[in-house]
Every structure is written in C-alpha cells, then in structure tokens.
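Here are some short exercises to work through with the model open in your viewer. Try each task before you read its solution.

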Amino acid sequence: MAKAPAKDPFRCVECGWSATKWVGRCGECQAWGTVEEIAAPKKLSLVAGATTSAAKPIGDVDLASAKARSSGVGELDRVLGGGLVPGAAILLAGEPGVGKSTLLLTVAAETAKQGILSLYISGEESASQVRLRAERLNAIDKNLWLAAESDLGAVIAHIDSVKPELLVIDSIQTISSTTVDGAPGGVTQVREIAAALIRIAKERSITLVLVGHVTKDGSIAGPRLLEHLVDVVLNFEGERHSRLRLIRTIKNRFGASDEVGCFDLNDSGIIGLPDPTGLFTSRHSDPVPGTCVTVVLEGRRALLAEIQSLVSAPNSDGRDWGNARRVTSGLDNARTAMTLAVLDLRAGIKITGRDVYVATVGGMKINEPAADLAVALSVASAAKGLALPSDLVAIGEVGLAGEIRKVTGVTQRVAEAARLGFKRVIVPVGSDLKIAGIEILEASRVEQAISKVKIN
C-alpha cells in the first residue's frame with residue numbers, strides 16, 4: 001500500500017510556515033522565494049561519529065588563534081572590538097554607492113602592508129576597474145591579490161592558490177554555483193555559498209569579509225539565516241550628498257554590539273574620524289541667532305551636533321493665515337513639531353503663523369529625545385533674533401507639559417562638551433554633575449532654560 005504524502009510538503013525556510021503546495025511568497029513572513037519542498041524525515045542515527053578535535057577543559061583552550069589583529073583602519077577596529085579575528089566571518093551591508101568597496105579595498109591594502117596575504121574577489125567589477133580605484137586610494141601592495149570571479153569553484157581555486165589570511169568577497173549576491181539550485185543572488189544560492197565560504201574560513205583560519213546588498217527598506221537582502229551564520233554584522237550608512245559615513249554594529253561575537261565608527265568619504269578615499277565634531281558643528285566669527293549645540297550618543301560615542309533654526313517674520317497685520325510651514329532636516333518631524341507646540345504654548349514664544357525651518361549641520365540624523373532642549377532654544381533664539389552664547393551646550397528631553405526630563409549618559413555628554421572647550425551646559429534638574437572646567441546650569445522647565453540664557 002502506497003505511503004500517504006506529507007500533509008504540508010512545502011515550508012518557509014525563514015519562519016517555518018508550511019503549505020500544501022508551492023507558492024512564491026510566504027503567507028506568514030511575506031518573504032519572496034523562501035518556500036521550499038521538504039524531504040521526508042529520516043530516522044536519526046545514534047552511532048558515534050568522528051570528531052574534528054578532542055574536547056578539553058575550557059582553561060586549556062589556546063587563545064592565540066582568536067587574537068585580533070589591526071585592520072589598519074582605526075575606526076573599523078573600534079567597531080569590530082579590536083580588529084580582524086582569524087576565522088571570523090564579517091558581513092558588511094549598505095546601500096549602493098555608500099562606499100563599501102572603497103572601505104574594504106582600503107582595509108585589504110592596509111592589511112597587506114603589514115605582510116599579511118589578502119585576496120580581494122570582485123564579482124561586480126572587472127579587475128581593471130578595481131585596479132583604477134586602488135590607484136586612487138594608494139592601495140597597491142605586493143601582498144594584495146585581486147581576482148574578478150563569480151563562480152564558487154573558481155573562488156575556491158583562488159583561495160587554494162593564494163592561501164590568504166584575509167578574504168574579501170564583493171559581493172556575496174554575485175557569487176553562484178552550478179551545483180546549487182536557484183538563480184544567482186537567490187535565497188538558496190546565497191545561503192549555500194555563504195555557508196561554504198564560512199566553513200572554509202573556519203577550517204583555514206581566514207578572516208572572511210562578505211559584502212551584502214540591502215533591500216528598499218534598508219534591511220539586509222537575502223535569507224535571515226545569513227545573519228545567524230556570520231560572527232559580525234555591520235551596517236554601513238550615510239547620505240549620498242554628505243561626506244559622513246557611519247558603521248553601526250548589529251551583531252558582534254567579539255565585542256560590543258552598540259559601537260559606531262565614523263568615516264569621511266572624499267576624493268582621495270575614505271578616512272576614519274576619531275573626532276568627527278568638525279563635521280557636525282560650524283564655527284561662526286560672531287554668535288548667530290538660531291544656533292544651539294547639543295551632545296548625542298551614537299552607540300557608546302558622544303558626538304557634538306549643532307542645530308540651526310530659521311523663523312520667518314510675523315505677518316504685517318499680526319494675523320495667522322494658517323499656512324505656516326514646518327520643515328526639518330536631520331530631525332524627527334513629529335517630535336520637532338511637538339517641541340514647537342510646547343515652545344508656543346508653555347514658554348510664550350509666539351511662532352504661530354510663522355514659517356519654521358530646523359536642520360542639523362553636516363547631514364547628521366538625530367532621533368533621540370536628548371536634543372529636544374537644543375531644538376527649543378535654537379527656535380526661541382531665531383524667533384527673538386537673539387543669539388545664544390557660543391560656549392553653551394543644551395541637553396535634555398522636553399515633555400508636553402513643558403518640563404525638562406533627564407536623559408541617559410548625561411555625565412558622558414557633558415564631559416565630551418568640556419573636553420572640546422565649551423564652558424556652560426544646561427541640563428535637567430537633578431542631574432548632580434560636577435565636572436571641572438564647565439558651569440552646570442540646571443533647569444526644570446523650558447521657560448526657565450530660556451530665562452537662563454537671556455533670550456526671553
């Protein structure tokens with residue numbers, strides 16, 4: 001008698017959703033191309049198999065093979081937790097044109113200059129195109145090897161021939177294999193090829209760096225399993241019209257997962273910024289109304305950011321025609337609108353019927369509420385036409401009742417402001433700060449903060 005088929009022979013490899021027939025899109029997680037046919041379950045064997053290495057007490061495990069070495073790029077070392085670890089698999093994802101290939105070619109060249117063999121595999125560009133970029137970046141070294149391949153078998157042949165200690169694959173979506181089902185760049189191809197390369201890297205103690213694409217919503221393309229397979233997941237981000245580039249750690253088995261690295265992308269290449277304050281603030285010969293400096297936390301790093309505001313003159317007849325504009329750049333639009341309403345109703349700064357423009361300097365994006373007080377003081381300064389002191393920093397969250405609330409990391413923020421030469425800082429009441437070289441001004445409400453800076 002024939003055996004009855006499985007009830008749901010098709011299953012989503014992302015979330016486990018099952019169906020009686022194949023569909024192109026998962027009905028649970030809505031992912032495309034993740035539904036595959038599952039084989040009939042096999043009985044597990046309980047026979048002992050061969051071991052790759054003998055088990056030993058954890059204290060006897062050698063740490064030399066897991067010691068990180070510098071990549072030659074200090075900001076990347078900060079994000080990775082010390083540098084490149086032999087046998088580690090790193091996934092770097094980012095939007096097209098953000099500078100992924102430029103950064104990794106620089107890293108490969110700097111590693112090669114230390115006498116470490118590096119192999120750069122390009123699946124998107126020809127070898128001559130990569131060479132042109134290397135000339136511009138001064139990334140030519142005898143220990144840096146280059147190949148343009150898109151077949152997994154050819155990539156493995158290059159690994160056997162060169163025997164590198166650093167392997168860069170640009171990108172994982174362009175590498176395919178004829179022995180794996182699916183189109184190049186598809187879910188199955190990406191999963192199997194990444195697993196094969198990671199296995200090779202672990203066995204031969206090769207630091208593997210994979211470049212990954214992103215989808216329209218900014219998430220990493222490909223199966224979610226790819227992020228679980230690798231040891232480190234980095235997100236490379238930045239505005240196309242800005243020089244600033246940020247690397248954020250999403251996952252890191254060798255260090256902190258909340259570090260941020262800052263880079264400056266220019267004509268000569270990409271340069272790490274240990275102190276990027278100059279990109280986010282502007283120096284004025286004389287104090288200008290509508291500018292206020294705050295300190296934001298990007299991961300564990302405190303960064304100074306300047307907020308600029310422009311408020312139009314009121315209507316000549318004093319009436320509100322209801323067509324005032326509220327434009328923001330680099331700030332959350334809804335939160336800024338809330339702060340403007342509090343400023344109008346609680347602090348008596350009349351901006352009803354007046355156009356308000358609020359922006360950050362250098363293309364920085366601020367999402368945390370600690371910048372609320374700086375936004376309020378900046379707009380109040382612009383509305384009154386009175387400049388704030390040039391040595392002032394404002395830190396605090398503004399509530400709907402007009403109160404100023406405490407924020408996290410206020411000691412670190414104020415210490416960074418003091419290090420960069422600022423003399424006064426406005427913080428919420430109860431912060432209990434005592435930092436040499438800077439005057440601490442506490443305020444419990446927005447109108448009190450405005451009174452302390454003498455712009456009311």
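**Exercise 1. A bridge partner and its strand**

Find which residue stands opposite V393, and in which strand. Then work out how that strand is placed among its partners.

*Solution.* A word of caution before starting: this is a predicted model.

- Step 1. V393 faces V425, a residue of β20.
- Step 2. V393 lies in the pairing of strand β17 (residues 392–394) with β20, which is parallel and has three bridges.
- Step 3. Now look at strand β21 (residues 439–443): β20 pairs with β21 in the parallel sense too, over five bridges. In this pairing, P428 stands opposite A443 of β21.
- Step 4. Check the cover on β20, residues 424–428: four of its five residues are buried, so the strand is mostly covered, with buried meaning under 20% relative accessible area.

**Exercise 2. One serine in a helix**

Is S381 buried or exposed? List what it touches beyond its sequence neighbours.

*Solution.*

- Step 1. Locate the residue: S381 belongs to helix α9, residues 372–384.
- Step 2. S381 counts as buried because its relative accessibility is 0%, where the cut-off for buried is under 20%.
- Step 3. Leaving out residues up to four places away in sequence, the contacts of S381 are P289, G290, L386, A387, L388 and I455.
- Step 4. For a distance check, take R445: its C-alpha is 16 Å from that of S381, with the two positions 64 residues apart in sequence numbering.

**Exercise 3. Nine strands in order**

Write down the strand order of the open sheet of nine strands, and say which strands are at its edges.

*Solution.*

- Step 1. The order reads β6-β5-β7-β8-β4-β9-β10-β11-β12, and the pairing is mixed.
- Step 2. At the edges are β6 (144–148) and β12 (269–272), each of which pairs on one side only.
- Step 3. On average, neighbouring strands of this sheet are turned by 20° against each other, ignoring direction.
- Step 4. Pick one pair as an example: β10 (residues 244–252) and β11 (residues 260–266) are antiparallel, with five bridges. Here I247 has G261 of β11 opposite.
- Step 5. Add the helices. Helix α2 (residues 100–112) lies across strands including β4, β5 and β6, and runs at about 155° to β5. Helix α3 (residues 127–137) lies across β5, β6, β11 and β12, at about 145° to β6.

**Exercise 4. Three strands**

Which strands are the edges of the open sheet with the order β2-β1-β3?

*Solution.*

- Step 1. This sheet has three strands with antiparallel pairing.
- Step 2. Its edge strands are β2 (18–19) and β3 (35–37), each paired on one side only.
- Step 3. Strand β1 (residues 10–12) pairs with β3 over three bridges, and C12 has V35 in β3 as its bridge partner.

**Exercise 5. The whole chain**

Collect the overall figures: how many helices and strands are there, and what share of residues is buried?

*Solution.*

- Step 1. The chain has 11 helices and 21 strands, and 46% of its 456 residues count as buried.
- Step 2. Its C-alpha trace spans about 90 × 60 × 50 Å along the principal axes.
- Step 3. The exposed area is about 22,900 Å², of which carbon and sulfur atoms supply 52%.
- Step 4. For the charges, the mean positions of the 52 positive and 51 negative ones lie 3 Å apart.

Definitions and conventions:
Residues numbered from 1 in each chain as written. Predicted model: local features only at pLDDT ≥ 70, side-chain atom pairs only at ≥ 80, totals over all residues. Heavy atoms only, no water. Buried < 20%, exposed > 50% of the residue type's maximum accessible area, 1.4 Å probe, protein only. Helix = DSSP H or I, 4+ residues; strand = E, 2+ residues; numbered from the N terminus. Pairing = 2+ DSSP bridges. Areas by Shrake-Rupley, 256 points an atom, 1.4 Å probe, with all protein chains shown as cover. Lys, Arg positive; Asp, Glu negative; His and termini not counted. Charge placed at Lys NZ, Arg CZ, Asp CG, Glu CD. Axes fitted to C-alpha atoms, helices over the stretch in contact; angles between N-to-C directions. Contact = heavy atoms within 4.5 Å.
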